[in-house]
Amino acid sequence: MIASPAVDGDLNAEMRHAAKPFSRTTLVLAGLVVLAIAFGGGAWTHAAFGSSTPSAPTRQAGGQQAGAGQQGGGFRGGRGTTGTVDRVDGTTVYVKTTQGTDVKVSTSDSTTVGVTQQGKLSDLKPGATVVVQGQAGSDGTVAAQAITQEAAR
């Protein structure tokens with residue numbers, strides 16, 4: 001009935017060729033598409049859920065410290081600054097900022113004071129460099145949450 005063979009050449013080689021539905025080029029392109037989708041998904045996830053503020057405080061010029069919600073250089077509008085203790089009067093600390101501004105800092109029983117180890121207000125000495133964290137009131141007085149004295153240099 002059939003005068004000639006259905007396949008010219010080796011039937012096993014023809015079957016192996018038919019069993020490979022994708023060429024090497026197709027597989028490489030598919031891999032690149034998967035990588036592009038993964039990258040785009042990661043970028044979208046970061047944009048949607050990632051943090052836009054630094055988690056750790058950073059040092060600014062002049063030795064001031066600023067972090068999330070902080071402005072270096074003064075208390076107004078920020079949550080902390082760096083300066084030197086001018087004097088301690090009862091529960092009030094007077095701090096001179098690096099710009100020369102005098103700032104009145106009020107403290108309370110919940111204010112923590114660190115001087116290399118946990119300390120008290122009486123441990124703060126004039127001339128010491130401190131970082132005060134707290135909210136500024138409308139009159140410029142800061143209600144301190146924490147005062148940390150930096151190590152002497």
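Student: In this predicted model, which residues of strand S5 (residues 102-106) form its covered face, and which its uncovered one?

Tutor: In a regular strand, side chains alternate between the two faces of the sheet. In S5, Val 103 and Val 105 make up the covered face, whereas Asp 102, Lys 104 and Ser 106 make up the uncovered one.

Student: How many bridges join S5 to strand S4 (residues 92-97), and in which sense do the two strands pair?

Tutor: S4 and S5 pair in the antiparallel sense, over five bridges. Within this pairing, Thr 92 stands opposite Ser 106, and Val 93 has Val 105 as its bridge partner. The two strands form a hairpin with four residues between them. In its turn, Gly 100 has a positive phi of about 95°.

Student: What joins S5 to strand S9 (residues 142-149)?

Tutor: Two bridges join S5 to S9, and these strands run parallel. Ser 106 is bridged to Ala 143, and Val 105 is bridged to Val 142. Val 105 thus appears in two pairings, with Val 93 of S4 and with Val 142 of S9.

Student: Which sense, parallel or antiparallel, applies to S9 and strand S8 (residues 129-136)?

Tutor: S8 and S9 run antiparallel and are joined by seven bridges. One of the partner pairs is Ala 136 with Val 142. The hairpin of S8 and S9 has five residues between the strands, and Gly 140 takes a positive phi near 95° there.

Student: How should helix H2 (residues 24-49) be read, and what span should its 26 residues have?

Tutor: An α-helix has 3.6 residues a turn, so residues three or four places apart point the same way. For H2, a rise of 1.5 Å a residue gives an expected span of 38 Å, and the end C-alpha atoms are 38 Å apart, which agrees.

Student: How many residues of H2 are buried?

Tutor: The count is zero among the 26 residues, and H2 is hardly covered. Over the protein chain, 25% of the 153 residues count as buried.

Student: What can be said about aromatic rings in this model?

Tutor: A pair of aromatic rings is described by the distance of the centres and the angle of the planes. Here the count of aromatic pairs is zero. A ring may also have a charged residue over its face: Arg 87 lies over Tyr 94, at 3.9 Å from the ring centre.

Student: Which elements have the lowest and the highest mean pLDDT?

Tutor: Where pLDDT is low, the predicted coordinates should not be read in detail. Strand S1 (residues 58-59) has the lowest mean pLDDT among the elements, 38, and S4 has the highest, 90. Over residues 53-76, pLDDT stays under 50, and the model has 50 contacts beyond four places in sequence for them. For the protein chain, the mean pLDDT is 75, with 72% of the residues at 70 or more.

Student: What is the order of the elements from the N terminus on?

Tutor: The chain has two helices and nine strands, in the order α-α-β-β-β-β-β-β-β-β-β. Of the contacts with a separation of 6 or more, 46% are between residues 24 or more positions apart.

How values were computed. Residues numbered from 1 in each chain as written. Predicted model: local features only at pLDDT ≥ 70, side-chain atom pairs only at ≥ 80, totals over all residues. Heavy atoms only, no water. Expected span 1.5 Å × (residues − 1). Buried < 20%, exposed > 50% of the residue type's maximum accessible area, 1.4 Å probe, protein only. Pairing = 2+ DSSP bridges. Phe/Tyr/Trp six-rings, centres within 6.5 Å; stacked < 30°, edge-to-face > 60°. Lys NZ or Arg CZ within 6 Å of the ring centre and 35° of its normal. pLDDT = per-residue confidence, 0-100. Contact = heavy atoms within 4.5 Å.
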